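Here are a few worked exercises on a protein with DNA. Have a go at each task before you read its solution.

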Amino acid sequence: MVELVNVVGSGSFDREFDLSVVAEDLGSLAEFDEEKYPGMYVRLSEDSPLATIYRTGKFIVTGADSIDELYDVREELVDVLTGPGIILEDDLEWFSVQNLVCTTVLSSDLKLNALAIGLGLEQTEYEPEQFPGLIYRNPDFECVALIFSTGKAVITGSSDLEEAEAVASFLEEKLSRLQLN
DNA sequence: ACCTGCACTAAATAGCGCTCGTTACACT
DNA sequence: AGTGTAACGAGCGCTATTTAGTGCAGGT
C-alpha cells in the first residue's frame, strides 16, 4: 500500500511567451523574476500545485497529490491562459505525468547496514553520516527507494503508480525473507 | 563548440547542526 | 529587584532522491 504525495507533470503549448507580459496579464497569480530563474511561476489558488511556464511554451506542474489533481491543474491553467487570450484552447500540444513520489511503511524498525547487504551492495547506497536513509536502485525498476530505519520508505522516479506499488511489494517480500527487523 | 552543473519547484523520509527564544539560576 | 550567563527546547536548514523545464557559467 503506497501513498502518493507528489506528482510532477509536464506539457507544451504550441506558442512562445513573452513572460513579462504574461505575468502582468495574470497579476497576483504569477511570479516572474528573470534574474533569479527563467521560468514564470503560476499558482492558481493558495494551496494548489505550482505551474512553471517557460518562454518556449513548455511548462511543468509540481506539487499535486494525485494524478487527477495534476490533470485538473492542467485544465485550470488552460482556462486561466485562455481567458485573457494568452493562448487558444487548442494550443495545448501534449501533457503527461513525469514523476511520482510515494511513501509507504515496509515494516517496523530496520537495521539498514544488514539490509544493504541483504539487498545487495551494488544496488544500495548507505552512508548514515551523509544521509540517514538507505538508497536502493534496482535495475529491474525505473524508480528509486529511500528506506529509513523506522521502516518507512519513499519511492520516487516512476511515472505510474503500479511501478511504485511493484517496488513496495518487492521490498516487503525481500524484508520478510531477510527478517531484519 | 559542446558538455556538465547549477540556479528553482514540489513532496516524503530522518539525522545533524545551528539559531533563536524562553526559562532558570547566580551574582551584584 | 535587576542583570548576566547557562541550559534547554523548538524550529529551521541542510544532507539525498526524482522529474520536467531554460539559461548561464565554467571546463574541456
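**Exercise 1. Which elements each supply at least two residues of the surface near DNA strand C, and which gives the most?**

Step 1. Start with the elements: β1, β5, β6, β8, β9 (144-147) and β10 each supply at least two residues of that surface. Strands here are DSSP runs (E, at least two residues), helices are runs of H or I with at least four, and both are numbered from the N terminus. "Near" means that one of the residue's heavy atoms lies within 4 Å of the molecule or strand.

Step 2. Now pick the top contributor: β6 gives the most to the surface near DNA strand C, with three residues.

Step 3. Before going on, a word on the source: this is a predicted model, where local features need pLDDT of at least 70, side-chain atom pairs count only at pLDDT 80 or more, and totals for chains, interfaces and linings use all residues. Residues are numbered from 1 along each chain as its sequence is written, chains are lettered from A and ligands numbered from 1 in the order in which they are written, and side-chain values use heavy atoms, with hydrogens and water left out.

**Exercise 2. Describe the surroundings of DNA strand C, from residue classes down to single atom pairs.**

Step 1. Count the neighbours: 21 residues surround DNA strand C, and the closest are Tyr 37, Pro 38, Tyr 54, Arg 55 and Thr 56.

Step 2. Sort them by class, and you get 10 nonpolar, seven polar and four charged residues. The classes go like this: Ala, Val, Leu, Ile, Met, Phe, Trp, Tyr, Cys and Pro are nonpolar, Asp, Glu, Lys and Arg are charged, and the others, Gly among them, are polar.

Step 3. Look at the DNA side: 67% of the atoms of DNA strand C within 4 Å of the protein belong to sugar or phosphate, and the rest to bases.

Step 4. Zoom in on the side chains. For the bases, an N or O atom of Tyr 54 sits 2.3 Å from a base nitrogen, and one of Asn 99 is 3.0 Å from a base oxygen. On the backbone, the side chain of Arg 137 has an N or O atom 2.9 Å from a phosphate oxygen.

**Exercise 3. Do the matching job for DNA strand B.**

Step 1. Here 19 residues surround the strand, with Asn 6, Arg 43, Pro 132, Phe 148 and Thr 150 the closest. Sugar and phosphate make up 64% of the atoms of DNA strand B that come within 4 Å of the protein.

Step 2. Take the atom pairs. Asn 6 has a side-chain N or O atom 3.0 Å from a base nitrogen, Arg 43 has one 2.9 Å from a phosphate oxygen, and Thr 62 has one 3.3 Å from a sugar or linking oxygen.

Step 3. Map the surface onto elements: β1 (3-13), β3 (40-43), β5 (58-64), β6 (92-105) and β10 (152-158) give two or more residues each. β1 gives the most, with three.

Step 4. By class, this surface has 11 nonpolar, six polar and two charged residues.

**Exercise 4. How many salt bridges does the structure hold, and which parts do some of them link?**

Step 1. The total is five salt bridges (a side-chain nitrogen of Lys or Arg within 4 Å of a carboxyl oxygen of Asp or Glu). Side chains of opposite charge can pair when their charged atoms come close.

Step 2. One of them joins Arg 15 and Asp 91, at 2.6 Å from N to O. Arg 15 is in the loop between β1 and α1 (19-26) and Asp 91 in the loop between α2 (67-82) and β6, 76 residues apart. Arg 15 is partly exposed at 31% relative accessible area, whereas Asp 91 is buried at 7%. The cut-offs are under 20% for buried, over 50% for exposed and in between for partly exposed (1.4 Å probe, protein chains only).

Step 3. Another pairs Glu 125 with Arg 137, at 2.7 Å from N to O. Glu 125 lies in β7 (residues 124-125) and Arg 137 in β8 (residues 134-137), so the pair ties together parts 12 residues apart in sequence. Both ends are partly exposed: Glu 125 at 39% and Arg 137 at 44%.

Note on methods. A polar contact is a pair of N or O atoms within 3.5 Å; within protein, one must be able to donate a hydrogen and the other to accept it, and residues adjacent in sequence count only if both atoms are side-chain atoms.
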